[in-house]
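Student: I would like to learn how to read helices and salt bridges in a model. Could you take me through an example?

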Amino acid sequence: MNRHEFIKDMARTETDHISCILSDANNLIDIFLSRYGTKNELTVCIEELSELEKEITKILRCDISGDSENDEILKIGILEELADVIIMCIALTKMYFEPDDVIRAIKVKLNHQKKRFENLL
């Protein structure tokens, strides 16, 4: 998607409840999987992760203060690619796991991080 298109669409798109977004994503993912197959979706996932990595690298190379127009452009790049990666994470969940398993895995990882943080104090 063109960056300027993304910015324009962001300005006119309202926030929805997460359950509405997940429902829409699940419906589209079903269509993609039936049309293109799992292997293609895995390839797209790798590509989207790579694009997010590039946007994060841009931030690391630049000293962003949060005030300039360039800083906003860099942050929008991350936002756009982050959305793509989240969509692909939903697709991966749909392909291989039950959503509850992923939620439990997230809880386990967050608890692990919490314990590590508590041990540092």
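Tutor: What follows goes through two helices, a surface patch and several salt bridges. Keep in mind that this is a predicted model.

Student: Let me start with helix 2. How many residues does helix 2 have, and what span does it reach from its first C-alpha to its last?

Tutor: The general idea is to set the span against the one expected at 1.5 Å a residue. Helix 2 has 19 residues and reaches 26 Å, close to the expected 27 Å.

Student: Which residues of helix 2 are buried?

Tutor: Ala25, Ile29 and Leu33 are the buried residues of helix 2. Looking down the axis of helix 2, one finds its buried residues within an arc of 70°, so they line one face of the helix.

Student: Why do residues three or four places apart point the same way in an α-helix?

Tutor: An α-helix has 3.6 residues a turn, so residues at that spacing point the same way. In this structure, the buried residues of helix 2 pack against helix 3, residues 38-61, and against helix 4.

Student: What is exposed on the other side of helix 2?

Tutor: Ser34 and Arg35 are exposed there. Just after helix 2 comes glycine 37, which takes a positive phi of about 90°.

Student: Which residues make the nonpolar surface patch?

Tutor: Leu28, Ile31, Phe32 and Tyr36 make a nonpolar patch of about 390 Å² on the surface. Take phenylalanine 32 as a case: it is found in helix 2, which covers residues 18-36. Its relative accessible area is 33%. Buried means under 20% and exposed means over 50%, so phenylalanine 32 at 33% is partly exposed.

Student: Now helix 4. What span does helix 4 reach, and what is expected at 1.5 Å a residue?

Tutor: The reading is done as for helix 2. Helix 4 has 28 residues, and its first and last C-alpha atoms are 41 Å apart, close to the expected 40 Å.

Student: Which helices do the buried residues of helix 4 pack against?

Tutor: They pack against helix 1, helix 2, helix 3 and helix 5, the last being residues 99-120. The buried residues of helix 4 include Leu74, Val85, Met88 and Ile90, and also charged ones, among them Asp71, Glu80 and Glu81.

Student: Let me follow glutamate 80. Where is glutamate 80, and which residues does it touch?

Tutor: Glutamate 80 sits in helix 4, residues 69-96. With a relative accessible area of 5%, glutamate 80 is buried. Leaving out residues up to four places away in sequence, glutamate 80 touches Met1, Arg3 and Phe6.

Student: With which residue does arginine 3 form a salt bridge whose closest N and O atoms are 2.7 Å apart?

Tutor: The partner is glutamate 80. This pair links distant parts of the chain, with arginine 3 in helix 1 and glutamate 80 in helix 4, 77 residues apart. Is the arginine as covered as its partner? Arginine 3 has 24% relative accessibility and counts as partly exposed.

Student: What other salt bridge does arginine 3 form, with closest N and O atoms 3.6 Å apart?

Tutor: That one is with glutamate 55. The pair again links distant parts of the chain: glutamate 55 lies in helix 3 and arginine 3 in helix 1, residues 3-12, with their positions 52 residues apart in numbering. Glutamate 55, at 7% relative accessibility, counts as buried.

Student: Which residues does glutamate 55 touch?

Tutor: Apart from residues up to four places away in sequence, glutamate 55 touches Arg3, Leu74, Gly77, Ile78 and Glu81.

Student: Which residues are linked in a network of salt bridges?

Tutor: The network links Arg3, Glu55, Lys58 and Glu80. The count of salt bridges comes to six.

Student: How are glutamate 72 and lysine 75 separated in helix 4?

Tutor: They are three residues apart, which means a separation of about one helical turn. Glutamate 72 and lysine 75 form a salt bridge, with their closest N and O atoms 3.1 Å apart. Glutamate 72 is partly exposed at 35% relative accessibility, and lysine 75 is partly exposed at 37%.

Conventions:
Residues are numbered from 1 along each chain as its sequence is written. This is a predicted model: local features need pLDDT of at least 70, side-chain atom pairs count only at pLDDT 80 or more; totals for chains, interfaces and linings use all residues. Side-chain values use heavy atoms; hydrogens and water are left out. Helices (H or I, at least four residues) and strands (E, at least two) are DSSP runs, numbered from the N terminus. Buried means under 20% relative accessible area, exposed over 50%, partly exposed in between (1.4 Å probe, protein chains only). Contact means heavy atoms within 4.5 Å. Patches are made of residues with over 30% relative accessible area and no salt bridge: like charges are joined within 9 Å, nonpolar side chains (Val, Leu, Ile, Met, Phe, Trp, Tyr) within 5 Å. Accessible areas come from the Shrake-Rupley method with a 1.4 Å probe; for residues, only the protein chains shown count as cover. A salt bridge is a side-chain nitrogen of Lys or Arg within 4 Å of a carboxyl oxygen of Asp or Glu. The expected span of a helix is 1.5 Å times one less than its number of residues. The arc is that of the directions from the helix axis to the C-beta atoms.
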